[in-house]
Amino acid sequence: MIPTGVDSLDSPVNRSPADLRPRTDGRLVSSQVWTHAKGDGMTERVALVTGGASGIGREICRALAADGRQVAVADINETGAAETTAMITEAGGRALSIPMDITDSDSVIQGCLATTDELGPIDILVNVAGWDKFMRFVDTDEDFWDRIIEINYKGMLRTTHACVPGMIERGWGRIVNIASDAGRVGSSLEAVYSGAKGGTIAFSKTLAREVARKGITVNVVCPGPTDTPLLGEIVGANDDGERVIGAMANAVPMKRLGQPEEVAPAVVYFASDGASFTTGQTLSVSGGLTMAG
Ligand SMILES: NC(=O)c1ccc[n+]([C@@H]2O[C@H](COP(=O)([O-])OP(=O)(O)OC[C@H]3O[C@@H](n4cnc5c(N)ncnc54)[C@H](O)[C@@H]3O)[C@@H](O)[C@H]2O)c1
């Protein structure tokens, strides 16, 4: 039985990002057992997925677990994270709910520490948590810009900053960032979000170069319009939402929205042992909306 929550954590004052590095006290943690290669060549490495409580993140958690990974479902929505964890354990996988607010550095560090304590070192980091609201740029204000950037860009920086040192020390890591086609080609009513997602793509390419000789890959998956609670919220909050969504779907060569489970396989590939020579790449999963060279 995998415990949930962070009850086993030491007092935060005694913990630091350095604790995310491999143990040197000789104690065998669970992941050191679980990361041994299985007969099929895959390993049961630990994956931490932010935004795992809902939509695309939930399906990524389920797909990684089905691929044999232990999954830390990290989200500010603890109820949704527990639901995702239950789905995985009921299907025979291994998962742990981790309360985490990616806009809060301490919350990110404590969540990563809880994952490391309960499952083992984080070898796979998938940054999915995100948020947006349709607004014309001229109608936005600085509070809105800050919220978009804190969640969609700086949240990804915080988790990555917490996890990369341990990956470097272990000489293995997979980072997959969920951006958006909006960050590649722009999207009306999503100017600040598009900028944050474009920043995620550029950051990922640069980090990929910095860690390329450390056994770590960094790649980006860009969903197109995908049928999730976030999209429903965006549409519901906008007078013109239904028309905008109709136009979005119409722009997709396949003439429909994507489903979250159609995004997850791309992440499973980038997170796999076999994707060891693929880094700094940006893959759109958008029914042909963005056919970037
Ligand atoms: N749905 C789409 O059409 C679409 C298109 C392109 C890109 N994306 C991106 O895909 C990702 C997932 O979106 P989704 O549509 O599945 O949305 P969703 O709302 O269903 O899921 C997003 C999750 O992020 C979590 N989250 C939000 N703020 C957080 C915070 N501060 N700390 C921790 N968790 C937080 C939410 O609780 C939620 O569980 C996002 O990065 C989004 O920008 C979505």
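Here are three short exercises with worked solutions on this predicted model.

**Exercise 1: The overall make-up**

Find how many helices and strands the chain has, and what share of its residues is buried.

*Solution.*
- Begin with the elements: you should find 10 helices and seven strands in the chain.
- Next, turn to burial, where a residue is buried if 20 or more other C-beta atoms lie within 10 Å of its own. Of the 293 residues, 45% meet this mark.
- Finally, look at contacts with a separation of 6 or more: residues 24 or more positions apart account for 74% of them.

**Exercise 2: The sheet and the helices across it**

Work out the order of the strands in the sheet, and say which strands stand at the edges.

*Solution.*
- Walk across the open sheet from one side, and you will meet its seven strands in the order 3-2-1-4-5-6-7, with parallel pairing.
- Now check the two ends of that order. Strand 3 (94-99) and strand 7 (282-285) each have a single partner strand, so one side of each is left without a neighbour in the sheet.
- Compare directions as well: neighbouring strands are turned by 20° against each other on average, direction ignored.
- Zoom in on one pair. Strand 1 (residues 46-50) and strand 4 (residues 122-127) run parallel and are joined by five bridges. One of the residues to look for is Val46, whose bridge partner in strand 4 is Ile122.
- Then add two helices. Helix 4 (residues 105-118) lies across strand 1, strand 2 (70-75), strand 3 and strand 4, at about 155° to strand 3. Helix 5 (residues 142-170) lies across strand 1, strand 4, strand 5 (173-178) and strand 6 (216-223), and runs at about 165° to strand 4.

**Exercise 3: The two sides of helix 3**

List the buried residues of helix 3, and explain why they are on the same side.

*Solution.*
- Locate helix 3 at residues 78-90. Its 13 residues reach 18 Å from the first C-alpha to the last, close to the 18 Å expected at 1.5 Å a residue.
- Pick out the buried residues of helix 3: Gly80, Ala81, Thr84, Thr85 and Ile88.
- Look along the axis. These residues cover an arc of only 140° around it, which puts them on the same side of helix 3.
- See what they face: the buried residues of helix 3 pack against helix 2 (55-66), strand 2 and strand 3.
- Go round to the other side of helix 3, where Thr79 and Glu90 are exposed.
- To finish, step just past the end of helix 3 to Gly92, which takes a positive phi of about 95°.

Technical notes:
Residues numbered from 1 in each chain as written. Predicted model: local features only at pLDDT ≥ 70, side-chain atom pairs only at ≥ 80, totals over all residues. Helix = DSSP H or I, 4+ residues; strand = E, 2+ residues; numbered from the N terminus. Buried ≥ 20, exposed ≤ 12 C-beta atoms within 10 Å, placed from the backbone. Contact = placed C-beta atoms within 7 Å. Pairing = 2+ DSSP bridges. Axes fitted to C-alpha atoms, helices over the stretch in contact; angles between N-to-C directions. Expected span 1.5 Å × (residues − 1). Arc of directions from axis to C-beta.
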